[in-house]
Amino acid sequence: MGLCEVFTSRNNLDLSKEADTGRGLVDFKITRGRTLRSIIEIKYSRNAGLIEGLGKQVEIYKKSEEIVSSIYLVLITGDHEKRIEQLEKEREKLIRDGVMPAELYYIDVRIRPTASKN
């Protein structure tokens, strides 16, 4: 049994990958009964729909599944600082508009030379 299975089992969580929300496939859905319902949507920073996905795609998933919280995980694949800035501004705009948008998390997945090869 892997670490993920142990964690979800011990915490009475159900983790579904590519769950069909009725409005498309969300990358992950985590539930514990009706009290905890969360989704994780993952995008590459180079994705053309990166900005739109936060305000539209995730919000559609949240409504269709009665989601309490959401995470928008961005995998940084290149020098996309301007896109990340736009994404942060879009999140701020959603908050000003009264929407509780997904939490933003970033993982830098760019391949870099190892320290020993410099």
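Start by selecting β4 and strand β5 (residues 103-108): the two run parallel and are joined by 6 bridges. Keep in mind as you go that this is a predicted model. For a single rung to look at, pick I76, whose bridge partner in β5 is D108. Now follow the backbone between the two strands: the chain leaves β4, passes through α3 and arrives at β5, making a right-handed β-α-β crossover.

**The other side of the story: β3**

Next, bring up strand β3 (residues 36-44), which pairs with β4 in the parallel sense over 7 bridges. I42 is a good place to zoom in, with L73 as its bridge partner in β4. Here too you can trace a β-α-β crossover, from β3 through α2 to β4, and it is right-handed.

**Zooming out**

Colour by secondary structure for a moment. How many helices and strands does the protein have? You should find 3 helices and 5 strands. Walking along the sequence, their pattern reads α-β-β-β-α-β-α-β. If you colour by accessibility instead, buried residues come to 33% of the 118 residues. A contact map is worth opening as well: of the contacts with a separation of 6 or more, 56% are between residues 24 or more positions apart.

**Into the core**

Now select I39, L54, Y72, V74 and L87. These are the residues with the most contacts inside the largest nonpolar core, which has 15 residues. Show the cartoon around them and you will see α2 (50-65), β4 (69-76) and α3 (81-96), the elements that each give two or more residues to this core. Which of them gives the most? That is α2, with 4 residues. As background, nonpolar side chains in soluble globular proteins tend to be buried together.

Stay with V74 and display its surroundings. Beyond its neighbours within four places in sequence, V74 is in contact with K43, S45, L50, I84, L87, Y105, Y106 and I107. One of these contacts, L87, is also among the core residues you have just selected.

**A stop at H80**

Move on to H80, in the loop between β4 and α3. Leaving out residues up to four places away in sequence, H80 touches S45 and R46. Draw a distance between the side chains of H80 and S45, and you will find a polar contact of 2.6 Å. S45 should look familiar, since V74 is in contact with it too.

**R91, a charged residue indoors**

Select R91 in helix α3. Is R91 buried or exposed? Its relative accessibility is 16%, so R91 counts as buried, the cut-off being under 20%. Show what surrounds R91: apart from residues up to four places away in sequence, it touches L54, P101, A102, E103 and L104.

E103 deserves a closer look, because the side chains of R91 and E103 meet in a salt bridge of 3.3 Å, N to O. This pair links distant parts of the chain, with R91 in helix α3 and E103 in strand β5, 12 residues apart. While R91 is buried at 16% relative accessible area, E103 is partly exposed at 39%.

**Touring the salt bridges**

How many salt bridges does a search of the whole structure find? The count is 8, and two further examples make good stops.

For the first, go to K62, which forms a salt bridge with E59, the closest N and O atoms being 3.2 Å apart. Both residues lie in helix α2, 3 residues apart, about one turn of the helix. K62 counts as buried at 12% relative accessibility, and E59 counts as buried at 12% as well.

For the second, return to D108, the bridge partner of I76 from the start of the tour. The side chains of D108 and R110 meet in a salt bridge (2.6 Å, N to O). D108 is partly exposed, with a relative accessible area of 38%, and R110 is partly exposed at 24%. Finish by adding D79 and R112 to your selection: salt bridges that share partners join D79, D108, R110 and R112 into one network.

How values were computed
Residues numbered from 1 in each chain as written. Predicted model: local features only at pLDDT ≥ 70, side-chain atom pairs only at ≥ 80, totals over all residues. Heavy atoms only, no water. Core = buried A, V, L, I, M, F, W, Y, C linked by side-chain atoms within 4.5 Å. Buried < 20%, exposed > 50% of the residue type's maximum accessible area, 1.4 Å probe, protein only. Contact = heavy atoms within 4.5 Å. Polar contact = N/O pair within 3.5 Å; in protein donor to acceptor, adjacent residues only side chain to side chain. Pairing = 2+ DSSP bridges. Right-handed = clockwise from strand over helix to strand, strands pointing away. Salt bridge = Lys/Arg side-chain N within 4 Å of Asp/Glu carboxyl O.
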